Amino acid sequence: MTAYHKSWGTFLLTWGLVLGSGGTAPAQQGGAVPPLTQDIIAPPPVRKVEMMSRDSTPKNPAAPQQTEALIARFHAAYATRKRPRLALYWNRALAETLDEWYGTERMVVTGQGTRSGGPHPPMQRGQDTTVFEHQRRLPGAPSSRPQAGETWAWEFEDGFQKPFLDAGAVLVDRVAINRLTGAEGASTPGGGDVDIKALRQMADYMVEILYVGSGRSTIGYELHARVLETRTGQILANVNSRNMAGWGPPRERYEVGPEGFRDLEEENEERVGPVEERQHYKAGPHGFKRHKKPPKPYHVANRLAYNVMKALADAWEIR
Amino acid sequence: MNRHAIVKGSTVLVMFLSASACQHMEPAPICDMGAIASQRTLVSVPAAVPGGASPLQEMPLNSVSITDHRILNKVYVRNVTARRTPSGTVELYAQVINCTDHPLQTEARTQFYDAGQAPAEPVSAWKRLYLPPRTSNIYREFSLGTTSIHAYMVEMREGE
């Protein structure tokens, strides 16, 4: 069979060479390219994406359904305390002393002299004492704390007050109660004693909200809030942005760089900030670039308020 | 004279008997290279001088041109077809038959042309086809462009 095929192959080859002796190749004429019409183009496939449902574990107290429950809980606990008045201290720590000023050095100059002259003695003798005192403002005084812009403060205060107002809390303003107390003749408004008198007379709880600039924070600042009972000085709640729910080290562990992936775990241990920090990607000439957008002060303050509310509700329910 | 006629008759008889005894069916595919060559039509490319005759004859567009004389009479291109893909690009496929009793390797590449018969995109890379004895294989290529593609030309050579 093989020999037969070989003979046939030789036969075909021979005839082929005879017929193709012109040096050109036999080939097959094919079909033309069909024109491109719109009905040829297939529509993009319909994508069916089924997303997994988000974990409903209460990790983020700022989630809508959790905030509603928290406000209701705070409202109930607040009502059992007969709706106490809450005085808000914005970035103003309660000073240790009543006076914001203290002396660091004092110089006493004492002089004695005799004056004589003129046609009529007697001589005059004199003695005088002059005291120089150098005073400093207390470190905790409001003017020494880092101050943010006014519009930033408005947004922050708005974000903090909103959850409390939603829960029906009675909020009083520090400046207003100071002025009212001062107008009653207690002392000069702004003095330390007026602060205390105003707090004792016109508020039941003092909410102190402090913020400091921090390079470790992903949003550039850290927050601290505490709630004191004005009558007794008892601390009811203490919320720090470092242990606040919803804050923590950034989620990303690796960063893509020109030399490959970079482990960020060690760096992130030092950093704190909102976990759900918004990110988006923007296309550029060198590919996609990640842009981080820190949350607005309103949302940061909102979250701080919810954490304070939770701490207060915990404290009131226990007591 | 009679003896001569007997010898001739015997020879014819022996030839007839031997021919009938050796009759086999030829396994397909069977390539009639003479017929294949007769189907070939060459066209003249446009002349360098307007109005003049072109000295160059080549295969027309939308065809497979076997450029290697070593496989000239060994393979047969059964059909060449082009169609549009759902994305609008052109899919080209050609069925190539190995007419010999020996394994063959061929290579092919495609140049796509636009409406003005200018190259629409770079020529494709050579693709290798493996052809066992008397078998066929499919050469397939896709264009990169969509609206710019109006014609094609496939070149085929033996795989080294």
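Which residues of H3(A) are buried? The legends below take up that question and then visit other parts of this predicted model.

**Figure 1. Helix H3 of chain A and its buried residues.** Here is the answer to the opening question: A:Trp152, A:Ala153, A:Phe156, A:Gly159, A:Phe160, A:Pro163 and A:Phe164 are buried in H3(A). The length of the helix can be checked too. With 17 residues at 1.5 Å a residue, H3(A) should span 24 Å, and its end C-alpha atoms are indeed 24 Å apart, so the two values agree. Follow the chain just past H3(A) and you meet A:Gly168, whose phi is positive, at about 80°.

**Figure 2. The largest nonpolar core.** Nonpolar side chains tend to be buried together in soluble globular proteins. In this model, the largest nonpolar core holds 39 residues, and A:Phe74, A:Phe160, A:Phe164 and A:Leu304 have the most contacts inside it. Two or more residues come from each of these elements of chain A: helices H2 (64–80), H3 (150–166) and H7 (297–318), together with strands S2 (85–90), S6 (205–213), S7 (221–229) and S8 (235–240). Helix H7(A) is the leading contributor, giving 12 residues to this core.

**Figure 3. A:Leu304 and its neighbours.** Leaving aside residues up to four places away in sequence, A:Leu304 touches A:Phe156, A:Phe160, A:Ile209, A:Leu223, A:Ala225, A:Val239 and A:Met244. Two of these partners, A:Phe156 and A:Phe160, are also among the buried residues of H3(A).

**Figure 4. A second core, with residues from chains A and B.** This core is separate from the one around A:Leu304 and has 23 residues. Among them are A:Val33 from chain A and B:Val75, B:Ala82 and B:Val96 from chain B.

**Figure 5. The second largest pocket.** This pocket has a volume of about 310 Å³. What lines the second largest pocket? Its lining consists of A:Tyr254, A:Glu255, A:Val256, A:Tyr281, A:Gly284, A:Pro285, A:His286, A:Gly287, A:Phe288, A:Lys289 and A:Arg290. By residue class, five are nonpolar, three polar and three charged. Strands S10 (254–257), S13 (278–284) and S14 (287–293) of chain A each supply at least two lining residues. The largest share, four residues, belongs to S14(A).

**Figure 6. Backbone angles in the loop between H2 and S2 of chain A.** Most residues other than glycine have a negative phi, and most peptide bonds are trans. With that in mind, look at A:Lys82, which lies in this loop and has a positive phi near 60°. A:Arg83 is found in the loop as well, and its phi is also positive, near 50°. Are these side chains' residues buried, partly exposed or exposed? A:Lys82 counts as exposed because its relative accessibility is 73%, over the 50% cut-off. A:Arg83, at 42% relative accessibility, counts as partly exposed.

**Figure 7. A cis peptide bond in chain B.** The bond that joins B:Ala28 and B:Pro29 is cis, with omega about 0°. To find B:Pro29, look in the loop between helix H1 (2–21) and helix H2 (33–39) of chain B.

**Figure 8. Chain A as a whole.** Stepping back from the close-ups, chain A has seven helices and 14 strands. Of its 319 residues, 33% count as buried. Among contacts in chain A with a separation of 6 or more, 65% are between residues 24 or more positions apart.

Notes. Residues are numbered from 1 along each chain as its sequence is written. Chains are lettered from A and ligands numbered from 1 in the order in which they are written. This is a predicted model: local features need pLDDT of at least 70, side-chain atom pairs count only at pLDDT 80 or more; totals for chains, interfaces and linings use all residues. Side-chain values use heavy atoms; hydrogens and water are left out. On a 1 Å grid over the protein atoms alone, a cavity is a set of points where a 1.4 Å probe fits but cannot get out, and a pocket is an open set with protein on both sides within 12 Å along at least five of seven lines; lining residues have an atom within 4 Å of a point. Grid points are joined across faces, edges and corners, and a volume is the space filled by probe spheres set on the points. Ala, Val, Leu, Ile, Met, Phe, Trp, Tyr, Cys and Pro count as nonpolar, Asp, Glu, Lys and Arg as charged, and the others, Gly among them, as polar. A nonpolar core is a set of buried Ala, Val, Leu, Ile, Met, Phe, Trp, Tyr and Cys residues joined through side-chain atoms within 4.5 Å. Buried means under 20% relative accessible area, exposed over 50%, partly exposed in between (1.4 Å probe, protein chains only). Contact means heavy atoms within 4.5 Å. The expected span of a helix is 1.5 Å times one less than its number of residues.
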